[in-house]
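Colleague: I would like to learn how to read charged pairs and cysteines in a model of this kind. Could you take me through them step by step?

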Amino acid sequence: MIEVDHLTKRYGPLLAVDDISFRVEKGEIVGFLGPNGAGKTTTMRILTGFLPATEGAARVAGFDVFEKPLEVKRRIGYLPEHPPLYRDMRVRSYLDFVAKIKGLSRQDREDRIAEVMERCGIVDRAEQLIGQLSKGYQQRVGVAQALVHNPEVIILDEPTIGLDPNQIRQIRQLIKGLGREHTVILSTHILPEVDMTCDRVIIINRGRIAAVDTPENLTATMQGNERFYVEVAGAADAAVEAIREVPGVVDVSRTDGRTEGEAVGLHVDAPVESDIRAAVAARVVERGLELLELRRVEMSLEDIFHELTTSEEVSG
């Protein structure tokens with residue numbers, strides 16, 4: 001549905017997007033992640049025809065973004081970080097205005113506006129001025145304008161920025177529903193949101209692709225070793241020494257956090273698919289230390305994002 005091949009964008013001496021390639025299949029919800037200035041918004045603007053590329057190619061639904069821009073725009077719904085809302089227009093009138101620009105007939109406009117208002121939960125706000133709506137409802141109107149012409153591809157740039165937790169949850173549920181009928185690219189800094197809504201993740205850093213995979217596969221690939229959290233009451237040095245002696249333990253390190261009293265938290269690394277919990281527990285007890293907690297630790301998407309976007313070298 002979306003194909004990006006060796007895409008590059010330069011602003012004078014600044015290389016904003018550096019030879020990136022990726023694909024998004026029909027019906028996927030893909031999270032597009034990266035730190036500020038990584039090239040996310042530039043890439044989205046190129047895909048939607050707002051910016052020309054310096055080099056490379058991009059296709060949406062088989063149409064070249066640069067050679068057939070109008071065909072591409074007919075197939076894309078775009079919600080930029082700051083939605084293009086007219087605050088002095090009423091919700092229904094605004095959506096009718098957008099639908100006219102998108103070329104919908106009068107009958108089609110009425111049907112689609114009714115459908116997207118229902119889908120976005122703004123039917124009861126149809127005659128309200130956009131400027132009088134809460135931030136959450138304005139964001140819903142922004143999503144509705146991206147959907148009104150029933151595009152094959154939806155591109156959402158920071159759709160939950162500035163929303164409260166309840167509003168974020170509502171928009172997240174809306175986005176998950178979109179994946180049943182549309183292909184969705186979602187750019188966000190809220191990493192749990194990606195875990196909850198996206199089928200795959202594209203991480204971009206310094207204009208280059210750092211990783212493309214499912215959140216689960218990224219976790220398995222990046223983790224390398226199994227990691228366990230051990231909390232022990234007693235002398236920290238004695239606990240570290242005891243656990244290092246357990247067969248299969250690769251490394252033992254102190255965590256930053258400390259609990260009350262003399263308790264200490266440790267991270268214990270072991271080869272993948274090895275379960276050393278019983279041996280660690282036995283060794284701690286043998287040394288006269290009190291075991292307070294022992295559990296496997298999963299690497300989070302936040303951990304992966306941090307590791308991929310703070311290293312000096314980025315793999316292409």
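Modeller: We will go through the salt bridges and then the cysteines, keeping in mind that this is a predicted model.

Colleague: How many salt bridges does the structure hold?

Modeller: The general idea is that side chains of opposite charge can pair when their charged atoms come close. In this structure there are 25 salt bridges, and one of them joins Asp5 to Arg59, with the closest N and O atoms 2.4 Å apart. That pair links distant parts of the chain, since Asp5 belongs to strand 1 (residues 2–11) and Arg59 to strand 4 (residues 55–60), 54 residues apart.

Colleague: Are Asp5 and Arg59 buried or exposed?

Modeller: Each falls in between: Asp5 counts as partly exposed because its relative accessibility is 31%, and Arg59 counts as partly exposed because its relative accessibility is 22%, where a value under 20% would have meant buried.

Colleague: Which residues are linked with Asp5 and Arg59 in a network of salt bridges?

Modeller: The network takes in Glu3, Arg23 and Glu25 together with Asp5 and Arg59.

Colleague: Which parts does the salt bridge between Arg92 and Glu127 tie together?

Modeller: The closest N and O atoms of Arg92 and Glu127 are 3.0 Å apart. Arg92 sits in helix 3 (residues 91–101), while Glu127 sits in the loop between helix 4 (106–120) and helix 5 (135–147), so this salt bridge ties together parts that lie 35 residues apart in sequence. Arg92 is partly exposed at a relative accessible area of 38%, and Glu127, at 47% relative accessibility, also counts as partly exposed.

Colleague: What should I note about the pair formed by Arg125 and Asp124?

Modeller: Their salt bridge has its closest N and O atoms 2.9 Å apart. Arg125 is partly exposed, with a relative accessible area of 23%, whereas Asp124 counts as exposed because its relative accessibility is 54% and the cut-off for exposed is over 50%.

Colleague: Turning to the cysteines, how many disulfides does the structure hold?

Modeller: In general, a disulfide is a covalent bond between the sulfur atoms of two cysteines. This structure holds zero disulfides. Cys120 is in no disulfide, and the nearest cysteine sulfur to its own, that of Cys198, is 18 Å away, whereas the cut-off for a disulfide is within 2.5 Å.

Colleague: Are Cys120 and Cys198 buried or exposed?

Modeller: Cys120 is buried, with a relative accessible area of 3%, and Cys198 is buried too, with a relative accessible area of 9%.

Definitions and conventions:
Residues are numbered from 1 along each chain as its sequence is written. This is a predicted model: local features need pLDDT of at least 70, side-chain atom pairs count only at pLDDT 80 or more; totals for chains, interfaces and linings use all residues. Side-chain values use heavy atoms; hydrogens and water are left out. A salt bridge is a side-chain nitrogen of Lys or Arg within 4 Å of a carboxyl oxygen of Asp or Glu. Helices (H or I, at least four residues) and strands (E, at least two) are DSSP runs, numbered from the N terminus. Buried means under 20% relative accessible area, exposed over 50%, partly exposed in between (1.4 Å probe, protein chains only).
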